[in-house]
Amino acid sequence: LGAAFGLRHKDDIMPSMKSIQTVVQRLYNRLGEIAASRLKELCRASTLDRTALAEAIRQRTSGSSSSASNPKSQPRQMVPFETLIGWCFREYQDPLALPYALSIERFCPKMQPLDEDPEAFMEESRKFYLSHRGPVAAPIESAVTHDASMLTRKEVVIARAIFQFCMDQGTFQMSHAELQAGLGRDDLTADLWYKLHPALEKVNDERSRSIKVDIFTFLRKLCPGVQPMHLRMFDGWLQQFDQMQHHQKFVEAGEQSVSALSQMIALPVIPDMELTKLERQFREIDVEGQGLITLQQIEQALNLDCEVLKKYDVSEDGFIDNHEFVAMMCPDEFRPPEMSGFDQEVLGSLLMSCVQRHRKDLDEQKALYAGGVERKNQMPASMRPEVPEETWAAWNAVFDRLDNDGDNVMSPSELRSSMLLSQRVCDQLIASAARVEGHEGIRRRDFLLALLDFHKWRRPGFVMSGS
């Protein structure tokens, strides 16, 4: 904490080096004892005998390399770095670790979006490094970076709308009332108009002299002190604002899928009588008794459009089996028998977790463009209660049942073939759960992370990145 606040060298505030060394040694010894006791607990449940246990503890607590190079030296106590990480993230349930876990959560620089730092948009060759071999210019720290003249996200978006409106009208000679009426908005504040009015006049003057202008010309007039890195930052903001429109539709589609899944779960399972009727109908079409029928056979027997039937062919092999046929022909007031049970409940929680995450991200982005919104820190993941061991095992078992090829990725075809969800909900879940750009399918880690986040639990040793 002293280092974080720049107090490391203030002797009247910081504890003495002797006190620090004493505390460090005590904590280090405590870590060694905790790690050894945990190892004993793990070994009790395994087939390791006392000899193997003693050897494992000896390897963890002695420095064999230093002893070999210097036989006279005493064995040096060694605690693996993984043990320190586990302790800091409260894996060992040590109350003394809580201040460290909270400090890590508090000072981790993840609440400030990278795209609000102008230096992130500076050309690589102009960035400041401590490792330069010769004198370099100090990094640009212009007053415009932080003072009130710098444009906010909201003002940049409004400025673009004004620029486009004026270009469409063929003139930048606009009054405050004309702009408000033309744009249909009432948030052109007096402070913003104080910047807008001279910028409009300057751009109009340049156009009268046949000087070509663009949005960046207008932004320079609005904020005369901007550097190229600021303009790149403004451009990034505008692109993000445009992408929010697509994100909005995606989130709404996800919420519709959650609603559709909830409505489907509320339906009763198809009665045995209706199920038997559909199975008999399937056998009548399956004249060869192979347990599979083609899309063309269904089209001819039931007078249905073959293109519509393709979405029920989850295996995409041109055939429909008995389960696919029941899902396709199940009356609207019932749900197929496969769409029930614990596995479906887990997938439902997964979908809701992913949709909630996207909604939260969208709302946070919107808040950035609304202005004056306070950002609140969430409860650190290290303070959450632990997930029950049986629940953790059950979640992994669900993933194992769905991951048919055992590659730790639940592919779209594997999810669809489970028949636990409708095809539409399956597609939405795959799209919502993917955390890696261009990665098709749901990885086991993402699956477990989403479930932990949905239930507000944590798993010892399972780092909740992004929580």
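Here is a short chat about a predicted model, looking at its overall make-up and a few of its helices.

User: What makes up the secondary structure of this protein?

Analyst: The protein has 19 helices and four strands. Buried residues come to 36% of its 467 residues.

User: Why are residues such as Phe-447 and Leu-448 in α19 called buried?

Analyst: Buried means under 20% relative accessible area, so residues listed as buried fall below that cut-off. In α19 the list runs to Arg-444, Asp-446, Phe-447, Leu-448, Leu-449, Ala-450, Leu-451 and Leu-452. They pack against α15, α16, β3, α18 and β4.

User: How do you know that the span of α19 is close to the expected one?

Analyst: The expected span is 1.5 Å times one less than the number of residues. With 12 residues, α19 is expected to span 16 Å, and it reaches 17 Å from its first C-alpha to its last, so the two are close. Right after α19 comes Lys-456, with a positive phi near 60°.

User: How are two packed helices described?

Analyst: You give the angle between their axes and the distance between the axes. For α6 and α8, the axes come within 12 Å and cross at roughly 35°. The crossing is right-handed.

User: What makes up the contact of α6 with α8, by class?

Analyst: Glu-155, Ile-158, Ile-162, Cys-166 and Met-167 in α6 meet Leu-192, Lys-195, Leu-196, Leu-200 and Arg-207 in α8. Glu, Lys and Arg count as charged, while Ile, Cys, Met and Leu count as nonpolar. That is why the contact comes out as seven nonpolar, no polar and three charged residues.

Notes:
Residues numbered from 1 in each chain as written. Predicted model: local features only at pLDDT ≥ 70, side-chain atom pairs only at ≥ 80, totals over all residues. Heavy atoms only, no water. Buried < 20%, exposed > 50% of the residue type's maximum accessible area, 1.4 Å probe, protein only. Contact = heavy atoms within 4.5 Å. Axes fitted to C-alpha atoms, helices over the stretch in contact; angles between N-to-C directions. Left-handed = near helix turned anticlockwise from the far one by under 90°.
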